[in-house]
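Student: Could you pick one part of this chain and give me a close look at it? I'd like to see how it fits in with the rest.

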Amino acid sequence: MCYDEGTLQAYLDGELNELTSKNIEEHVKTCSTCRQKLEELKFINEFTANALKTSNIDLNDAWIAFNEKLSKENNKRKTNGKMSRG
């Protein structure tokens with residue numbers, strides 16, 4: 001039985017119980033497909049972590065700005081929808 005990327009990512013993130021983690025560890029010893037997926041996910045995780053460390057972006061500020069923009073766009077849509085119905 002092969003594992004999907006979501007399960008392998010959960011394994012890397014330490015989100016799985018001990019039995020499932022051990023099953024994955026045993027499985028990747030003999031399954032080149034899952035072992036390759038796991039290595040790709042590790043690479044992506046490391047790349048992303050390094051990119052975030054070297055960026056000057058404050059992620060909290062970016063998240064707040066994103067939510068504010070999303071809220072404004074939703075309000076515009078609501079307002080435009082009311083005007084066109086009248």
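**A close look at one helix**

Tutor: Let's start with charge: the chain has 13 positive and 14 negative side chains, and the centres of the two sets lie 11 Å apart. Here Lys and Arg count as positive and Asp and Glu as negative, while His and the chain ends are left out of the count. Each charge is placed at NZ of Lys, CZ of Arg, CG of Asp or CD of Glu. Before going on, note that this is a predicted model, where local features need pLDDT of at least 70 and side-chain atom pairs count only at pLDDT 80 or more, though totals for chains, interfaces and linings use all residues. Residues are numbered from 1 along each chain as its sequence is written, and side-chain values use heavy atoms, without hydrogens or water.

Now the overall layout. The chain has four helices and zero strands, giving the pattern α-α-α-α along the sequence. (Helices are DSSP runs of H or I with at least four residues, strands are runs of E with at least two, and both are numbered from the N terminus.) The radius of gyration is 21 Å, whereas a compact globule of 86 residues would have one near 12 Å. That radius is taken over C-alpha atoms, and the globule rule is 2.2 Å times the number of residues to the power 0.38. Along the principal axes, the C-alpha atoms fill a box of roughly 65 × 35 × 20 Å. Just 14% of the 86 residues count as buried, where buried means under 20% relative accessible area, exposed means over 50%, and partly exposed is in between, with a 1.4 Å probe and protein chains only.

The part I'd zoom in on is helix α3. It covers residues 32-54, which is 23 residues, and it reaches 33 Å from first C-alpha to last, close to the 33 Å expected at 1.5 Å a residue. (The expected span is 1.5 Å times one less than the number of residues.) Its buried residues are Cys 34, Leu 38 and Leu 41, and they pack against α1 (5-12) and α2 (18-30).

Take Cys 34, which sits in α3. Why does Cys 34 count as buried? Because its relative accessibility is 0%. Leaving out residues up to four places away in sequence, Cys 34 touches Cys 2, Tyr 3, Leu 8, His 27 and Val 28; a contact here means heavy atoms within 4.5 Å. Cys 2 is 32 residues from Cys 34 in sequence, yet their C-alpha atoms are 6.5 Å apart in space.

Follow one of those contacts across to His 27, found in helix α2. His 27 is buried too, because its relative accessibility is 15%. Setting aside neighbours within four places in sequence, it is in contact with Met 1, Cys 2, Tyr 3 and Cys 34. So Cys 2 and Tyr 3 turn up in the contacts of His 27 and also in those of Cys 34.

Back in α3, look at Lys 53. Is Lys 53 buried or exposed? Lys 53 is exposed, because its relative accessible area is 67%. Lys 53 is 36 residues from Asn 17 in sequence and 29 Å away in space, C-alpha to C-alpha. Within this one helix, then, Cys 34 is buried and Lys 53 is exposed.
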